[in-house]
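Please open the model in your viewer and keep the selection panel at hand. The stops below say what to select next and what is there.

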Amino acid sequence: MPEISRDEVAHLADLARIDLDDTELDHLAPQLNVILEAVASISGVAGDDVPPTSHPFPLTNVFREDVVVPGLSAEQALAGAPAAEEQRFRVPRILGEEQ
Amino acid sequence: MSVPNELITRTAAELADALAAGETTSVELTQVHLDRIAAVDGDADAGVHAFLHVDPEGALAQAAESDARRAAGETRHLLDGVPIAVKDVLATQGLPTTCGSKILEGWVPPYDATVVRRIKDAGLPILGKTNMDEFAMGSSTEHSAYGPTRNPWDQTRIPGGSGGGSAAAVAAFEAPLALGTDTGGSIRQPGAVTGTVGVKPTYGGVSRYGLVALANSLDQVGPVTRTVLDSALLHELIGGHDPLDSTSVDVPVGAYVEAARAGATGDLKGLKVGVIKELAGDGWQPGVMARFAETVDLLKELGAEVTEISCPTFVHAMATYYLILPAECSSNLAKFDAMRYGLRVVPEGDPSAEAVMKATRDAGFGDEVKRRIMIGTYALSSGYYDAYYGQAQKVRTLISRDFAAAFEQVDVLVSPTAPTTAFPLGEKLDDPLAMYLQDLATIPANLAGVPGISVPAGLAEEDGLPVGFQVLAPALADDRLYRVGAAVEAALTSRWGGPILAKAPTLEVAR
């Protein structure tokens, strides 16, 4: 398995939306390599004919009657919000300045 | 400080009997446990620190209601009035739920997890929320953002994890019962290293609704207690179908209490037991293996037929688990985005939502959570998906097949629960792989969805610390865990002249 570079770890952190600083990158990058090296041992263990398992007991099409049941009120749903306004979650701007 | 009240040393079943006989009240039981918590639990710096949040007012109010019901001749359940502690990963309406993370500091859920609803409806007062590794990632409870829990047997050592708080609370007599969750051993391994009983039910046997998911295909809620019978009582209460969890299995709850009572008679004639060959060898502590071998001999004395069973793919279980779990958790934890609840860190200037998200997740998540999210992100990224996640899902199939083949030959499988006894705090904190090895014996059950129990097997010669004996059964045959667990418990308790926790040191008063 290829070793992942510090730059790749920075890219992963970006994809995972975690703002790692240089100290954290220095600390975490070698640890991720050790973990990936250990888990790489499974390559080739199962042949192409083995079906994948995503769930211990695959249940499909779990339906219920289409009956309205009470849910959270807007007030309850917003109770933990960092910021709320007019019964809505208030969030920072989602568009960049250039957009 | 006064001598602790004798009531705290009794089992939940005994407390239920005392309530029924009118010898005590729920208010008294709740108060003696709150007193015990106040005396020994301490804080992040000293004491057991099993609790992140204690709710004296709420617990005593629930206890008073229970007493009033009983006085009016109505009880809702055998355990009505017996107090309980709840792992902080389960949503509790009106009580903080942090999952051991800074990102959820101060969050109060607007609803109850189904298992919490069930214990409230049955009348069990909730003493508080127990400490855990952040988002249940870890085997030592040291990854809690609020400071570690300490093992009541030796407070310089880990209580196991991720549910170290629930196990330590029960071991330290701060609660007679607790709820835990087990994704790769988080109920069973803490049980092993604290000398308590922990059960991971069959996947789908207990509702996951309101459990803050670590890995949806592996997580399961289960009982944490001091005796097998108490686990059976609690399992019957929390188990059963829940329409709010689409992975909940729609079958009746098993007769676990009956199985535990039958097992306690000590008759295991005709039971076929398989010793898993792969779960032994290098890296397994000699004192752990010695207690395990003795317990296997004990099963033979009780009439069981014991054979060795090979499950060759189990050697790949850890690698499989540490791909599937990070993949699922990286996706699950994407919901902590600083928009709807939890922490929001706003960098200077006029930051975008994305910048807020990144700053919040950096400040709110600890190292282990970051490691796993990034491993998962990597394993799921295009170009690596087939080699990592896809391959892990296939090996998962092979592990299930090993279980299926084994259970064609035997009724239950056994192994030590964890390869070592409780290790010193800090020893593996910055060595993720060494920490992961703690779950070697417990992980296969989660991958295959089968149930498992850990019961105390005695103390290791070299360090005098508890060793756990694990029993695994086929899916939906959880009753076998209780039969075998209770038989082992009854025989060993009689051999020791009392429960294992009678050998634990008296706890110093924390402050």
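Begin by selecting strands β7(B) and β9 (residues 412–416) of chain B, which run parallel and are joined by three bridges; strands here are DSSP runs of E with at least two residues, helices are runs of H or I with at least four, and both are numbered from the N terminus, while two strands pair if DSSP finds at least two bridges between them. Within this pair, Val273(B) has Val412(B) in β9(B) as its bridge partner.

This is a predicted model, in which local features need pLDDT of at least 70 and side-chain atom pairs count only at pLDDT 80 or more, whereas totals for chains, interfaces and linings use all residues. Residues are numbered from 1 along each chain as its sequence is written, and chains are lettered from A and ligands numbered from 1 in the order in which they are written.

Next, keep β7 (residues 272–276) of chain B and add strand β8 (residues 305–309) of chain B, which runs parallel to β7(B) and is joined to it by five bridges. Here Gly274(B) stands opposite Thr307(B). Adding helix α9 (residues 286–301) of chain B completes a right-handed β-α-β unit, where right-handed says that, with the strands pointing away from the viewer, the path from the first strand over the helix to the second runs clockwise.

Move on to helix α12(B), whose end C-alpha atoms are 20 Å apart, in agreement with the 20 Å expected for 14 residues at 1.5 Å a residue (the expected span is 1.5 Å times one less than the number of residues). Because ten of its 14 residues are buried, α12(B) is largely enclosed by the rest of the structure; buried requires 20 or more other C-beta atoms, placed from the backbone, within 10 Å of a residue's own. Among these buried residues are Lys370(B), Arg372(B) and Tyr378(B). Which helices do the buried residues of α12(B) pack against? They pack against α1 (6–15) and α2 (22–39) of chain A, together with α10 and α13 of chain B.

Finally, colour the two chains separately: 56 residues of chain B are in contact with 46 residues of chain A, contact being C-beta atoms, placed from the backbone, within 7 Å. The elements giving two or more residues to this side of chain B are α10 (317–332), α11 (353–364), α12 (367–380), α13 (386–409) and α14 (432–436) of chain B. The largest share, eleven residues, comes from α13(B).

Key
Buried ≥ 20, exposed ≤ 12 C-beta atoms within 10 Å, placed from the backbone.
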